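Dear colleague,

I am passing this structure on to you, and below it you will find what came out of going through it. Please keep it open while you read.

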Amino acid sequence: MEEPSRPTVGEYMTRDVATVELDDTVAEVAKRIAESDDFSGFPVTDGRRVEGFVSARDLLLAADHEPMFRVMSENILVAHPDMAVQDAARVILRSGIQKLPVVDDAGHLVGIISNADVIRSHIERATPDKVDKLGRTLENIHDITSHEDHRQVTLSDLTPTQTTVYADELEGRVYELERGLAEPLVVIDNDGDLLLADGHHRVKAAARLDIDEMDAYVIVLDEPVELGMAETAADSDLERIDDIEVVDYGRHPLVETTQRLQDEE
């Protein structure tokens, strides 16, 4: 089965970006921040190109007359529109920033993605419509029928289909579970064999919190079939949640720094 496409930064970023220019002064930018509840910093641009980012912290010790090019942070992280939202979320979480400027292949500013945008994408991610689409896909590929069930599943009964999860995203799922915010898992019931299709970070977080059962959307296949994801799980020696490896964050290929972009010109 073809892997479902993941939401991208380009789909969720804010395109109308408030910016400041290289020659704007500390006093001017500080006034804009003080008069707004929406901004704690701005990308600094020269035309359409991002040259840096200035935050309220950058302004604290600077003289009012200083221009942005003297006080801004130059070697900032930027994302690409084609980057997956969950990977942008990982960068935002790991780096401790609130907003990530988004640039195209030419280094031009095309948007900005924030914590709020990431949360919005996650809230919209697991919906009955998307589960229904997965069920129809399975029906078309295997020429079978299926039906959906919404129930509690025992985590020890699940077979994972993903070999790794990220440590930092795992912390986020622990936070959600502790506050009752986690969305349901997506599970495929293939003649009693329960394959975890979506929710690997959540089940690893649940295991950490000694949670034995979770809410799930279950796609029940009306007759047993040989599923590619089951074969992949077997080939990867995935039998239970403990077999999922937790890995630390690695730099994503679509994350750049402004300095590296400038070096390539």
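To begin with one pair, the side chains of His80 and Asp105 are joined by a polar contact of 2.7 Å, where a polar contact is a pair of N or O atoms within 3.5 Å, of which, within protein, one must be able to donate a hydrogen and the other to accept it, residues adjacent in sequence counting only if both atoms are side-chain atoms. His80 is found in the loop between β4 (77-78) and α5, and at 13% relative accessibility it counts as buried; here buried means under 20% relative accessible area, exposed over 50%, and partly exposed in between, with a 1.4 Å probe and protein chains only.

Before going further, please note that this is a predicted model, in which local features need pLDDT of at least 70 and side-chain atom pairs count only at pLDDT 80 or more, while totals for chains, interfaces and linings use all residues. Residues are numbered from 1 along each chain as its sequence is written, and side-chain values use heavy atoms, with hydrogens and water left out.

As for the whole, the protein has 11 helices and 14 strands, these being DSSP runs numbered from the N terminus, with helices (H or I) of at least four residues and strands (E) of at least two. Of its 265 residues, 43% count as buried. Among the contacts with a separation of 6 or more, 72% are between residues 24 or more positions apart, a contact meaning heavy atoms within 4.5 Å.

The helix that follows the loop of His80 is α5 (residues 85-95), whose buried residues are Val85, Asp87, Ala88, Ala89, Arg90, Val91 and Ile92. After α5 comes Gly96, with a positive phi near 80 degrees.

Much of what I found concerns helix α9 (residues 200-208), which packs against helix α8 (residues 167-178) at an angle of about 65 degrees, with the axes 8 Å apart; the axes are lines fitted to C-alpha atoms, for helices over the stretch in contact, and angles run from 0 to 180 degrees between N-to-C directions. On the α8 side, Glu169, Leu170, Glu171, Arg173, Val174 and Leu177 take part, and they meet His201, Arg202, Lys204, Ala205, Ala206 and Arg208 in α9. By class, this contact has 5 nonpolar, 1 polar and 6 charged residues, where Ala, Val, Leu, Ile, Met, Phe, Trp, Tyr, Cys and Pro count as nonpolar, Asp, Glu, Lys and Arg as charged, and the others, Gly among them, as polar. Gly172, also found in α8, is partly exposed, with a relative accessible area of 21%, and its C-alpha atom is separated by 9.0 Å from that of Leu93, 79 residues apart along the chain.

Why can α9 be called largely enclosed by the rest of the structure? The reason is that 7 of its 9 residues are buried, namely His200, His201, Arg202, Val203, Lys204, Ala205 and Ala206. One of them, His200, has a relative accessibility of 3%, and its side chain reaches the backbone nitrogen of Thr161 at 3.0 Å. Not counting residues up to four places away in sequence, His200 touches Pro160, Thr161, Gln162, Val165 and Ile244. α9 is followed by Asp210, whose phi is positive, near 60 degrees.

The largest nonpolar core has 20 residues, and those with the most contacts inside it are Leu155, Leu158, Leu185, Val187, Val203 and Met214; such a core is a set of buried Ala, Val, Leu, Ile, Met, Phe, Trp, Tyr and Cys residues joined through side-chain atoms within 4.5 Å. Two or more residues each come from α8, β10 (185-190), β11 (193-198), α9 and β12 (213-221), and β12 gives the most, with 4 residues. Leu155 touches, among others more than four places away in sequence, Leu185, Val203, Met214 and Ile241. A second, separate core of 14 residues includes Ala89, Val102, Ile113 and Val118.

Two further residues, neither of them glycine, have a positive phi. Asp191, with phi near 55 degrees, lies in the loop between β10 and β11 and counts as exposed at 58% relative accessibility. Asp237, with phi of about 60 degrees, sits in the loop between α10 (228-235) and β13 (245-247) and is likewise exposed, with a relative accessible area of 60%.

With best wishes
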